[in-house]
Amino acid sequence: MDSAFLFWEKYFNNQIEVSWDEFSESFSKFIQQFGSIILDDDQLLFIKQIIDPDYRNVIKIGDYIIFYEIYWKIQSKRQALFKHQFTLQSFQIPKQTLRCIQLKVLYITNGYPDQFRDIQITRTTQNNLPLKQEEVFTIGSGQNCDLQILNDLKVNPIHAKLIWTPNNLFLIKDNSKSFRTCQRIKQSLILDAYMIIKLNQETIFQIKYIQPIPKFSSQISTNQESLKNSLPDLLKQLNQYKSVQDYRERKINLIQHDEEPTLILEFIGGPMKGREFTLNPSQEYTLGCGKTCSISIRDGTLQKEHCSIKFKNKQWVIQPKESNHLDPTQFGTFVMLANQQQYDLYLPSRCHVLHEGMQIVIGPVLFQIHYFS
């Protein structure tokens, strides 16, 4: 069997999916075994256009098999790539609609040096932009970060990355080893699979199971191929697709929304650690330290009614209820942004796309996101 076909099994063992960075690094090493060919940035970007056409930055085993079948196993196409006989896709962004963002400093923890001003992150207004790797703005304590936060042990060398993507969106990616980057919830937020909610420094719960899947999860493939099947068997299943884009779009249509609405919370930190709660869609649930709460938590640092969860407009939502008179970097209702492991498992859900007015906590600083053109 063609060694390229077995590439995934050799480099990623039984992983179902990997990040684009991990894939491109391993694939480059694999190619070097054949005539010492070194893929440059343009060649890798051209491969990315084929294997990751909608810029998810997550490559699944199914994506690779289709890429192999429609492109890589055809010698003439490989030779064209090696000889740079290809054209990188470009895209048009009118100047008036080019989106940039501002990080507005709302709050700095008492006792911390007031060293920050509002930061504007802008893109070039060139009209024809080549398809290229995401441009990254880094925040952390490291010397080389674009925005450096010093003198706080909660801030990692590279704590968070803001990523601009060619579909004119900004994403935020948590890069911290501890004291993870959080979104502070000020209004109701749609809950999604894998979300981790923090009520204070100790009490933390995760969304263990959710049905129906939020509408915006149509970007996320919930149907997993299994490497328990052999690669030839997977190939038979996937040979109906004409491209990775076709494969991804048709998988979206397989997501089912007809199951009974269900939400299971699992506490993974604090006095409730290890307990699970299955929520009924006909009832609104309050969480807090008050005795009358639907889920009462023995923690005096919580508000009596800290937040509520309910099923509304065919989606599960969480609504903060806590006071605004406390340190907003320490007290409130927060969504932890996906860490490296979670980020590589699935496209970041809606809470990880930067939205107008979104509040982000990084160490001692509370930022608010504002878009402008």
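This dialogue explains how to read several features of a predicted model.

Reader: How many helices and strands does the protein have?

Author: The protein has 8 helices and 23 strands. Buried residues account for 52% of its 373 residues. Its accessible surface is about 18400 Å², and 47% of that surface belongs to carbon and sulfur atoms.

Reader: How should one describe two packed helices, and at what angle do helix H2 and helix H4 pack?

Author: Two packed helices are described by the angle between their axes and by the distance between those axes. Helix H2 (residues 20-32) packs with helix H4 (residues 61-72) at an angle of about 45°, and their axes are 14 Å apart. H2 is therefore oblique to H4. The contact is made by Phe 23, Phe 27 and Ile 31 of H2, together with Tyr 64, Phe 67 and Trp 72 of H4. The crossing of H2 past H4 is right-handed.

Reader: At what angle do the axes of H4 and helix H5 cross?

Author: The axes of H4 and helix H5 (residues 75-82) cross at roughly 90° and come within 8 Å. Angles from 65 to 115 degrees count as roughly perpendicular, and H4 and H5 are therefore described in that way. From H4, Ile 70, Tyr 71 and Trp 72 take part in the contact; from H5, Lys 77, Arg 78, Leu 81 and Phe 82 do so.

Reader: Which side chains along strand S16 are buried?

Author: In a regular strand the side chains alternate between the two faces of the sheet. In S16, Phe 277 and Leu 279 point to one face and are buried, whereas Glu 276 and Thr 278 point to the other and are not. Strand S15 (residues 262-269) pairs with S16 in the antiparallel sense over 4 bridges, and Leu 265 stands opposite Phe 277. S15 and S16 form a hairpin with 6 residues between them, and Gly 270 in the turn has a positive phi of about 90°.

Reader: Is Asn 280, in the loop after S16, buried, partly exposed or exposed?

Author: Asn 280 lies in the loop between strand S16 (276-279) and strand S17 (285-288). Its relative accessibility is 37%, so Asn 280 counts as partly exposed. Setting aside residues up to four places away in sequence, Asn 280 touches Tyr 285 and Trp 316. The C-alpha atoms of Asn 280 and Thr 262 are separated by 6.6 Å, although these residues are 18 apart along the chain.

Reader: In what order do the 5 strands of the open sheet stand?

Author: The order is S12-S20-S19-S17-S18, and the pairing is mixed. Strands S12 (189-190) and S18 (295-296) stand at the edges with a single partner strand each, so one side of each has no neighbour in the sheet. Within this sheet, S19 (residues 307-312) and S20 (residues 315-320) run antiparallel and are joined by 6 bridges. Lys 310 has Val 317 in S20 as its bridge partner.

Reader: Which residues of the backbone deserve a closer look?

Author: Most residues other than glycine have a negative phi, and most peptide bonds are trans. Asn 313, in the loop between S19 and S20, has a positive phi near 50°. Asn 313 counts as exposed because its relative accessibility is 61%. Asn 151 also has a positive phi, near 60°, and is found in the loop between strand S8 (147-148) and strand S9 (160-165). At 66% relative accessibility, Asn 151 counts as exposed. Finally, a cis peptide bond joins Gln 211 and Pro 212, with omega about 5°. Pro 212 is found in the loop between strand S14 (204-211) and helix H6 (231-238).

Notes. Residues are numbered from 1 along each chain as its sequence is written. This is a predicted model: local features need pLDDT of at least 70, side-chain atom pairs count only at pLDDT 80 or more; totals for chains, interfaces and linings use all residues. Side-chain values use heavy atoms; hydrogens and water are left out. Two strands pair if DSSP finds at least two bridges between them. Buried means under 20% relative accessible area, exposed over 50%, partly exposed in between (1.4 Å probe, protein chains only). Accessible areas come from the Shrake-Rupley method with a 1.4 Å probe; for residues, only the protein chains shown count as cover. Axes are lines fitted to C-alpha atoms, for helices over the stretch in contact, and angles run from 0 to 180 degrees between N-to-C directions. Angles under 35 degrees count as roughly parallel, over 145 as roughly antiparallel, 65 to 115 as roughly perpendicular and the rest as oblique. A crossing is left-handed if the near helix is turned anticlockwise from the far one by less than a right angle, and right-handed if clockwise. Contact means heavy atoms within 4.5 Å.
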